[in-house]
Amino acid sequence: MNAEPQKPRLLLVDDEASLREMTRILLGREGFDVVTAASGEEALVKLEGEGTFDLILTDLRMTGLTGLDVLSAAKRRDPSTQVIMMTAYASSETAVAAMKSGAYDYIEKPFKREALVVLLLKALEKRQLMQENFILKREAASRTSFGRMVGKSPKMKGLFSLLERVAGARTTILIQGESGTGKELVARAIHENSPRADRPFIAVNCGAIPEQLLEGEFFGHMKGAFTGAHRDRVGLFMAADGGTIFLDEVGELPLQMQVKLLRVLQERKIQPVGSVVETVVDVRVVAATNKDLFEEVQTKRFREDLYYRLNVIQLEVPPLRERSEDIPLLIQHFLGRFSQEQDKRIEGVSPRAMEVLLNYSYPGNVRELENIIERAVTLELDTLISTEVLPTPMMRKEQFLRLASDLELPEEGLELEQMVENLERSLLLQAIERSQGNRTEAAKLLGISFRSIRYRLDKYGISADES
Ligand SMILES: Nc1ncnc2c1ncn2[C@@H]1O[C@H](COP(=O)(O)OP(=O)(O)OP(=O)(O)O)[C@@H](O)[C@H]1O
Ligand SMILES: [Mg+2]
């Protein structure tokens, strides 16, 4: 039995070791569960890795990342986390700036213990209120569509209610998600639900433009700026003025362009190639990536400063396999659309076909489901989608899963564990062979996690690549 109320979790950030230690002990005695960090950088790592914090008590001025960076990272993770800044006497101006960017309050060093505790408890109360409020709001937002997106899984509803809150602002947004999950639809929905809706929405696939043309495409160029520049050309940022620019596959931008993009985000001015003057542009940037951009930062393929600029608000579009509740709704949605387009009268899906559709893992996410339904509508002659018009590989998988029910227990019984192990070993070997030794690929084929395949390969002594 664990009837004890949970201790409030607090992240304490200060680069002064003695002060940090003293404060840690003091707050520990006051009943806080305290995690410490000796720098802004360390604080960000703890924020990423140690779950949510109720409160953050951070020094404002630190070398490297400051308290303000900690503040924005914390708010991004959980807007209800309350952040209190510790400042030296002279810096109250920056403390005010901190409060403007969402800090709960600030406290001047050196502080009295009681003053600090009272402040923390008040902040905690605010956090609890916000959390309750958030839950209420989320329940109210029981909509099953947003823009052109449909969804009723808790994850999609969460996304819709977040979208509702962030669409209207000018804030830069980073959308992360696997291929085909609907990132572009999210970007369009943001634009269409913002005051910029009647201005242009310009989608750019950063990975599709050759490196040497990028700057000209983004910012335009003047006549004669380079060979082949026969006339002035307006860039995509200028074309999106007053509206939204959607930088798809932003992780593909070469480092040199990343610097230039960062400048535009900071200064809100662009400079066409070959021009000496800069022009002010008013563009909201929404970026998307199917890479783990944070990891790209770690491996120095993506600039950290640009990452934080883009990632003011982060939206995750979950893969379809994590929200199977959405599948029937999506099917209905696509059936409606394609029957109309193809002028057919398809009313639904047969129970068996539905079972197959529900049990599939959709590596290509919503786009794959959309294609499956389009094909089915085209091929189906009846008014219900049957298994015959589903793709063969999908059916084969279904047959394989059904295999078990066709097996008959022999008269003399069998060695169950032996049999399961043999089956597992043989499938592992086939998957490794088909993926040419690539463990990530093999894990995908088997529908298991990387960790799980590593464990199983070890168990059976099968060797494979390090990937
Ligand atoms: N929630 C949804 N409701 C209805 N249609 C959806 C939904 N999500 C995605 N789609 C459809 O699935 C297809 C893929 O969506 P989209 O192009 O937005 O994905 P993406 O994440 O940008 O993919 P990629 O990374 O491959 O560019 C589109 O045709 C889109 O209309
Ligand atoms: Mg896309």
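## A helix over the sheet

Let's start with helix H1, residues 17–29, which lies across strand S1 (9–13) and S2. Its direction runs at about 170° to S2. Everything described here comes from a predicted model.

## The five-stranded sheet

Strands S1 and S2 belong to an open sheet of five strands, and the order across it is S2-S1-S3-S4-S5. The pairing is parallel. At the edges sit strand S2 (33–37) and strand S5 (105–108), each of which pairs on one side only. From one strand to the next, the twist averages 20°.

Now for a closer view of one pair. Strand S3 covers residues 55–59 and strand S4 covers residues 82–87; the two pair in the parallel sense over five bridges. Among the residues involved is Asp 59, whose bridge partner in S4 is Met 86. As a general reminder, strands of a sheet pair through backbone hydrogen bonds, either parallel or antiparallel.

## Two crossing helices

Further along the chain, helix H17 (residues 416–434) and helix H18 (residues 439–446) have axes that come within 8 Å and cross at roughly 130°. Because angles from 65 to 115 degrees count as roughly perpendicular and those over 145 as roughly antiparallel, this crossing makes H17 oblique to H18. The crossing of these two helices is right-handed.

Which residues in H17 and H18 meet? On the H17 side they are Leu 427, Ala 431, Ile 432 and Arg 434, and on the H18 side Ala 442, Leu 445 and Leu 446. Sorted by class, the contact of H17 with H18 has six nonpolar residues, one charged residue and no polar ones.

Definitions and conventions: Residues are numbered from 1 along each chain as its sequence is written. Chains are lettered from A and ligands numbered from 1 in the order in which they are written. This is a predicted model: local features need pLDDT of at least 70, side-chain atom pairs count only at pLDDT 80 or more; totals for chains, interfaces and linings use all residues. Two strands pair if DSSP finds at least two bridges between them. Helices (H or I, at least four residues) and strands (E, at least two) are DSSP runs, numbered from the N terminus. Axes are lines fitted to C-alpha atoms, for helices over the stretch in contact, and angles run from 0 to 180 degrees between N-to-C directions. Two residues are in contact if their C-beta atoms, placed from the backbone, lie within 7 Å. Angles under 35 degrees count as roughly parallel, over 145 as roughly antiparallel, 65 to 115 as roughly perpendicular and the rest as oblique. A crossing is left-handed if the near helix is turned anticlockwise from the far one by less than a right angle, and right-handed if clockwise. Ala, Val, Leu, Ile, Met, Phe, Trp, Tyr, Cys and Pro count as nonpolar, Asp, Glu, Lys and Arg as charged, and the others, Gly among them, as polar.
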